[in-house]
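Me: I'd like to go through this structure with you, a bit at a time. Could you keep the answers plain?

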Amino acid sequence: MSMPSIPSRAEHLEAWRESGGKVCAAFPAQYPKELLWAHGVLPVEVWDPPLAATRAPGHLQPYICSVVRQGLELLLAGAGDSVDLILFPHTCDSLQNLASLVGDYLKPAAPSLFFYNPKAPFKAPAREFYLDQLHALDRQLAGLFGPRAQGALEQALEWSRALAALHAKAYKMRALGELAAGAGEFYAVLRAGEYLHPTALIPLLEGWLAQSAGSASAGERIVLSGVLPGPPDLLESLDVLGLVVGNDDLLSMSRRLLTSPPGTGEPLAALGEVFLHMPPCSTRGSSLEERLAWIKGLAGQSKSKGVVFVEVKFCEPELFDLPELRRGLKEAGLPSLVLEVDVNQAAGGQAATRLEAFREMMA
Amino acid sequence: MSLSDKAKLQFMKDLGFPALASLQKAMRGKRAPRKANPDFGPPLKCTARLKEIMTRHYYLARFAPGAKPVAWVTSGAPVELLRALDFYTIYPENHGALCGAQKMGPELCQVAEDEGYSADLCSYARVDLGHMLSGKTPAGKLPKPDLLFCSNNICQTVAYWYKVMAHRLGVPLVMFDTPFNYTEISQDDIDYMVGQVKDMIPVLEKAAGKAFDMERFIQVAELSRAASELWGQCLETMKARPAPMTIFDAFVHLAPVVSLRGLPVAREYYEILLAELLDRARSGIGAITNEKKRLMWDNIAIWYKVRDFSELFASRGMNFVAATYTNAWAETIQHLDMSQPLESLAKTYSLVILNNNLEHRLNLMAKMVSEYAVDGLVVHSARSCKPYSLGQYDLKRLLSERLGIPAVVIEADITDYRYFSEEQALTRLEAFFEALEAA
Ligand code: SF4
Ligand code: SF4
């Protein structure tokens with residue numbers, strides 16, 4: 001299948017602004033984007049901006065991960081003054097301090113908002129707290145941009161339900177080998193959700209899924225785990241080497257996208273349940289048992305024969321879990337490979353060679 | 001808990017450890033005394049008592065299993081909940097510092113790395129995992145925990161690290177989630193934390209095999225408060241000129257308030273330390289003989305360099321009189337209020353420096369610079385510790401600009417000296433010394 005035409009970030013942002021919309025630079029990882037939509041704010045996610053890091057290293061030690069470095073670089077390159085809002089969900093120590101560094105010391109023109117995600121286990125106090133957080137964010141957004149329009153949150157939840165269904169369908173088709181799209185295409189389309197408004201994203205996904213029904217290419221099937229799919233050359237290597245991603249356990253992807261859709265009760269309470277039902281994740285404090293069972297399940301559904309961990313260098317939440325996950329997977333007959341990357345750098349030939357050796361080992 | 005194990009622990013407390021301590025004292029007496037360094041004032045007499053307390057704690061720990069429930073605890077966790085249930089507590093971070101000071105960091109980190117743990121993880125965690133995998137420790141033997149108790153008020157790292165230990169050791173993990181204080185603490189935050197405490201009590205009771213008693217908890221919390229307040233007063237004696245102790249001493253004398261908080265021994269220890277420090281301050285006895293400049297330290301100690309740095313700075317007539325790190329165990333204790341035990345516990349533990357925003361840190365440091373008459377700032381950028389280190393470059397710049405004091409950043413690690421370049425550190429320090437001396 002040929003790649004669908006996806007509006008670029010810049011085009012979409014320009015059109016959105018021209019229509020009078022507000023823009024929020026949203027840092028990783030989980031946050032209630034439905035609330036932003038409901039307030040007429042477009043969240044544009046900041047995961048791996050392709051910029052040369054020239055300013056950020058003056059503020060960050062070299063042992064801070066490249067997601068944080070690139071995100072700060074983007075703000076310092078002007079985004080911090082041109083957006084209407086910067087949102088920092090609580091994800092890890094590095095993003096926590098980046099939020100404080102930006103909000104307290106660097107003070108770009110755009111206001112910063114912070115959103116604390118409670119950590120597992122999600123018992124009653126965590127549920128109540130999360131709901132309180134939603135109410136607080138709702139009030140803060142109303143303070144900045146005015147009260148949300150009547151029915152706007154209900155509409156946002158409708159979009160969210162439609163997207164949850166489309167994401168689930170895309171993942172299912174891929175797992176069953178019924179999606180004729182390589183890794184590069186799959187992630188290019190799904191990652192458009194990092195900046196497209198649902199009114200543009202929903203038709204894009206619907207059209208793409210309809211056109212992409214078909215057999216996946218043959219090859220050794222794997223599960224991809226880590227934070228982000230990529231860098232781009234790594235996805236190309238997978239396609240070229242005949243390694244087929246059958247499923248993923250990526251923080252930026254399935255760990256957020258494969259949640260249950262919001263229910264139909266009180267809108268904010270329904271939104272709270274979305275967060276609480278996201279798949280297990282290192283940054284949410286999920287136990288190793290849960291994570292292992294989840295990844296094994298992903299491999300089983302997609303008939304994958306191994307797991308490739310693509311880890312961002314210095315990413316503590318992921319790196320702590322790694323040895324025990326690998327051990328558990330090995331015991332389950334699933335070999336694994338670990339590649340460490342910097343998000344703005346090519347994975348390189350060495351990664352391709354290791355992937356090739358891994359494929360041969362699995363065959 | 002078995003009666004015979006309880007009897008054994010009691011025997012070791014009453015007879016075993018005192019006999020060992022006498023033996024060690026006799027052996028020490030035979031050793032030639034270390035040659036006095038003329039750059040330092042007379043050593044603190046309390047140090048011998050501190051050694052005895054900490055040796056006793058680690059020695060008795062090996063007899064705790066079966067006699068008491070054993071918990072491994074993070075340094076910022078509300079340990080009072082465990083003390084009220086009579087847990088024997090081990091602090092892996094304190095153990096990590098001990099391994100670091102004994103220069104065992106790289107060896108133990110390597111064991112963890114060989115098992116697949118990245119060399120980029122916090123080295124306290126790697127040291128601890130290395131110890132767990134190899135059994136190696138300078139503390140004799142650490143008892144296996146019945147429970148792990150963790151709070152992310154110092155970092156998220158401990159949550160990841162304790163999760164791994166819970167999985168490997170097959171023991172329950174109790175987590176106390178303290179929302180990061182981006183701006184100011186809210187009632188929602190407090191309610192959430194209190195709700196968690198109420199939820200965790202039955203889990204702690206189950207592991208302890210006894211019921212939680214609020215009165216006992218209040219007694220423990222009062223002991224804790226007393227120890228932390230006394231510790232704060234000990235630190236305040238360093239406002240005197242010359243300061244009666246250095247921060248390098250304080251890094252060591254910090255151990256009881258970290259590891260034994262809530263026990264009578266911690267309060268008693270700080271009573272005698274405070275008396276000695278006040279006496280030295282009154283008599284004009286300085287920790288170093290020629291205190292020309294007064295410095296502040298930011299971040300955890302570089303444990304394998306404590307002695308070398310202490311000598312280096314003393315030889316230049318420079319004394320560290322304040323540190324954000326040592327201050328952390330005194331800074332928030334005023335919130336502990338027994339008329340609202342759980343709410344105030346939540347505030348005390350969630351407002352600690354590492355769970356607080358960088359504006360708070362900047363203001364705190366500016367205040368300390370003024371109160372302790374600080375002339376210069378040394379910032380340890382600790383590779384292990386992202387929450388302490390990310391933001392330090394700007395913190396240093398802003399403090400220097402605001403207060404006009406020289407400052408230097410040293411890139412190092414807390415225990416893993418493979419990431420420390422002596423040459424680079426000394427070059428930076430030489431420039432810093434020149435700036436200070438010219439100021
Ligand atoms: S890559 Fe890891 S350490 Fe970096 S921001 Fe993401 S979760 Fe945090
Ligand atoms: S050194 Fe820092 S990262 Fe490591 S346990 Fe201590 S506070 Fe956490």
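Me: How many helices and strands does chain B have?
Reply: In this predicted model, chain B has 19 helices and eight strands.

Me: And how does its radius of gyration fit a compact globule?
Reply: A compact globule of 439 residues would have a radius of gyration near 22 Å, and chain B agrees with that because its own value is 21 Å. Along its principal axes, the C-alpha trace of chain B spans about 65 × 60 × 50 Å.

Me: What share of chain B is buried?
Reply: Buried residues make up 61% of the 439 residues in chain B. If you take the contacts in chain B with a separation of 6 or more, 79% of them are between residues 24 or more positions apart.

Me: What about the surface of chain B, and which atoms is it made of?
Reply: The accessible surface of chain B comes to about 16,500 Å², and 53% of that belongs to carbon and sulfur atoms. As for charges, chain B has 50 positive and 51 negative ones, and the mean positions of the two groups are 7 Å apart.

Me: Switching to chain A, how many helices and strands are there?
Reply: Chain A has 14 helices and eight strands. Its radius of gyration is 20 Å, close to the 21 Å that the globule rule gives for 363 residues, so chain A is as compact as a globular protein of that length. Of those 363 residues, 60% count as buried.

Me: Let's look at one helix, H5 of chain A. How far does it reach?
Reply: Helix H5 covers residues 124–145 of chain A, and its 22 residues reach 32 Å from the first C-alpha to the last, which is close to the 32 Å expected. Just after H5(A), A:Gly146 takes a positive phi of about 90°.

Me: Which residues of H5(A) are buried, and what do they pack against?
Reply: The buried residues of H5(A) include A:Phe129, A:Tyr130, A:Leu134 and A:Leu141. Within chain A, the buried residues of H5(A) pack against helices H2 and H11 and strands E3 and E4, and they also pack against helix H8 (187–208) of chain B.

Me: One last residue: is A:Ala168 buried, exposed or partly exposed?
Reply: A:Ala168 lies in helix H6 of chain A, and it counts as partly exposed because its relative accessibility is 39%; the cut-offs are under 20% for buried and over 50% for exposed. The C-alpha atoms of A:Ala168 and A:Thr259 are separated by 8.6 Å, although these residues are 91 residues apart along the chain.

Notes. Residues numbered from 1 in each chain as written. Chains lettered and ligands numbered in written order. Predicted model: local features only at pLDDT ≥ 70, side-chain atom pairs only at ≥ 80, totals over all residues. Heavy atoms only, no water. Helix = DSSP H or I, 4+ residues; strand = E, 2+ residues; numbered from the N terminus. Expected span 1.5 Å × (residues − 1). Buried < 20%, exposed > 50% of the residue type's maximum accessible area, 1.4 Å probe, protein only. Contact = heavy atoms within 4.5 Å. Rg over C-alpha atoms; globule rule 2.2 N^0.38 Å. Areas by Shrake-Rupley, 256 points an atom, 1.4 Å probe, with all protein chains shown as cover. Lys, Arg positive; Asp, Glu negative; His and termini not counted. Charge placed at Lys NZ, Arg CZ, Asp CG, Glu CD.
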